[in-house]
Amino acid sequence: MKYIYLLLISCIIFSCSTDTNENDSIDNYNRTAILENLTNNIIIPSHENLQSKIIQLNTSFTDFKASLYNSNLTALRKSWKETYIAWQYVEMFNLGKAEEIDYVKKMNTYPCNTTVINNNISSNQYDLSSSNFSSWTSQGLPTLDYMLYGLNNDSNLVINNYTDPVNGSKYLDYLNSIINQMTMDTDDVVQYWQANATSFIDSDANTATSSLNILTNDFIYYITRGVRANKIGIPCGRWDNYQIYEIGVEAYYRKDISKRLALESLSACKNFFTGVGFNSNIIEGQSYVDYLTHNGDVDISVDIISGLDLAKDKINNLDDNFRFQLLNDNSSMLYAYDALQQVLVYLKIDMLISLQITIDYVDADGD
């Protein structure tokens, strides 16, 4: 029944939109103002922050390669962690150049495929720019997780892989290739946003291809798949008869930052919805809250914000190490999933009806 209901809603929204000039916002809201805030104060700064973290990651790798000591491995691991945290504020913006180059898939497809990774290292023949699942699962942040933490539980023995007289150079070359690919792709995406910000903001109509409609769909899709499913639902077995999938945890090999990453992603979602500028506690411009208030639907904003806060509370109750949580109390992971699911009800139904935006993707995960 739920899917029939959602289909009817989509049809209603579509029929309403076709009855108006598709170049005009149906509710006369100033969409340019919200697009300006989201683009200039959230999207571009968050990407530039990630870019700076990757530059530091590259520097840390250079230091490690020059002196294969434990202290430099520690510094490289720290840079990787800071990059992974910065990534949580970027992943939802999978459009434009990012969509064109499969940026999200290259940067954060997990679990990584250790068989492919080890074969790539051994053969020294691979193409990280190719767009296929094998390539996506052998690069990016999850692969760095494996190469910095997963080769051995003892950091000294991890370093042995890189100092090995036969294969050490291959391990270093692969680390270098991964970071170089991350650098090139991130630079491309940052340049895209810097070059196209004005035209993106000016696309203020209410159509399937206008900026706010695309952003809204990507935002909801990210909470649906990137947060609810990937970080929580798949590991806790929500679609597999509640059989836990331990290796599906984000940052599986580091172990103790999976909760941190989930919380950061949730903060990114709340900041995006409320219009909080990146690295700022001040609302710097128009947001979805203002849009819904303009339409007389302030209660929807209250429900969404309260829902995000409840989901944060449920995730905060989890162990820092999701692997430990899954093995010892999977029910609490399911509670976090349920809280995120309720947020999606407010977003997919209530908010989209108010904003008269049609969903542009098929959600077939059986929620």
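How many residues apart in helix α12 are Arg-260 and Glu-264, and by about how many helical turns are they separated? The legends below answer this and go on to other close-up views of the structure, which is a predicted model.

**Figure 1. A salt bridge within helix α12 joins Arg-260 and Glu-264.** The two residues are four residues apart in helix α12, so about one helical turn separates them. The closest N and O atoms of the pair are 2.7 Å apart. Arg-260 is partly exposed because its relative accessible area is 38%, which lies between the limits of 20% for buried and 50% for exposed. Glu-264, in contrast, counts as buried because its relative accessible area is 13%. In the whole structure, a search finds eight salt bridges, and two others are shown in the next two views.

**Figure 2. In helix α4, the side chains of Glu-100 and Lys-97 meet in a salt bridge.** The N to O distance is 3.1 Å. Because Glu-100 and Lys-97 are three residues apart in helix α4, about one helical turn lies between them. Glu-100 is exposed, as its relative accessible area is 57%. Lys-97 has a relative accessibility of 22% and therefore counts as partly exposed.

**Figure 3. A salt bridge links Asp-185 with Lys-106.** The closest N and O atoms are 3.4 Å apart. Asp-185 belongs to helix α10 and Lys-106 to helix α5, so this pair ties together parts that are 79 residues apart in sequence. Both Asp-185 and Lys-106 are buried.

**Figure 4. The largest pocket holds about 930 Å³ of space.** The lining consists of 39 residues, and those closest to the centre of the pocket are Glu-91, Asn-94, Val-104, Lys-105 and Tyr-221. Several helices take part: α4 (97–100), α5 (103–108), α7 (133–136), α10 (168–202) and α11 each supply at least two lining residues. Which of the helices gives the most to the lining of the largest pocket? It is α11, with nine residues. By type, the lining divides into 17 nonpolar, 15 polar and seven charged residues.

**Figure 5. The largest cavity has a volume of about 60 Å³.** A search of the whole structure finds one cavity of 30 Å³ or more. The residues lining the largest cavity include Tyr-110, Pro-111 and Cys-112, as well as Pro-142 and Asp-145. Ile-247, Val-249, Glu-250, Ala-251, Tyr-252 and Tyr-253 also belong to this lining. Nine of the lining residues are nonpolar, none is polar and two are charged.

**Figure 6. Tyr-110 and Pro-111 are joined by a cis peptide bond.** The omega angle of this bond is about 5 degrees. Pro-111 is placed in the loop between α5 and α6 (114–123). Both partners of the bond also appear in the previous view, since Tyr-110 and Pro-111 are among the residues that line the largest cavity.

**Figure 7. Ile-234, Tyr-245 and Ile-247 make a nonpolar surface patch of about 220 Å².** Ile-234 lies in the loop between α11 (211–233) and α12 (258–274). With a relative accessibility of 30%, Ile-234 counts as partly exposed. Ile-247, another member of the patch, is also one of the residues lining the largest cavity.

**Figure 8. Asn-124 and Asn-241 are shown for their backbone angles.** What is the phi of Asn-124, a residue that is not a glycine? The angle is positive, at about 60 degrees. Asn-124 is found in the loop between α6 and α7, and its relative accessibility of 39% is why it counts as partly exposed. Asn-241, likewise a residue other than glycine, has a positive phi near 55 degrees. The loop between α11 and α12 contains Asn-241. Asn-241 is exposed because its relative accessible area is 63%.

**Figure 9. Glu-36 and Gln-139 are 33 Å apart in space, C-alpha to C-alpha.** In sequence, the two residues are 103 residues apart. Glu-36 is placed in helix α2 (residues 31–66). With a relative accessible area of 43%, Glu-36 is partly exposed.

Conventions. Residues numbered from 1 in each chain as written. Predicted model: local features only at pLDDT ≥ 70, side-chain atom pairs only at ≥ 80, totals over all residues. Heavy atoms only, no water. Patch = residues over 30% accessible without salt bridge, like charges linked within 9 Å, V, L, I, M, F, W, Y side chains within 5 Å. Areas by Shrake-Rupley, 256 points an atom, 1.4 Å probe, with all protein chains shown as cover. Salt bridge = Lys/Arg side-chain N within 4 Å of Asp/Glu carboxyl O. Buried < 20%, exposed > 50% of the residue type's maximum accessible area, 1.4 Å probe, protein only. 1 Å grid on protein atoms, 1.4 Å probe; cavity = no way out; pocket = protein on both sides within 12 Å on 5 of 7 lines; lining within 4 Å. Points joined across faces, edges and corners; volume = space filled by probe spheres on them. Nonpolar A, V, L, I, M, F, W, Y, C, P; charged D, E, K, R; others polar.
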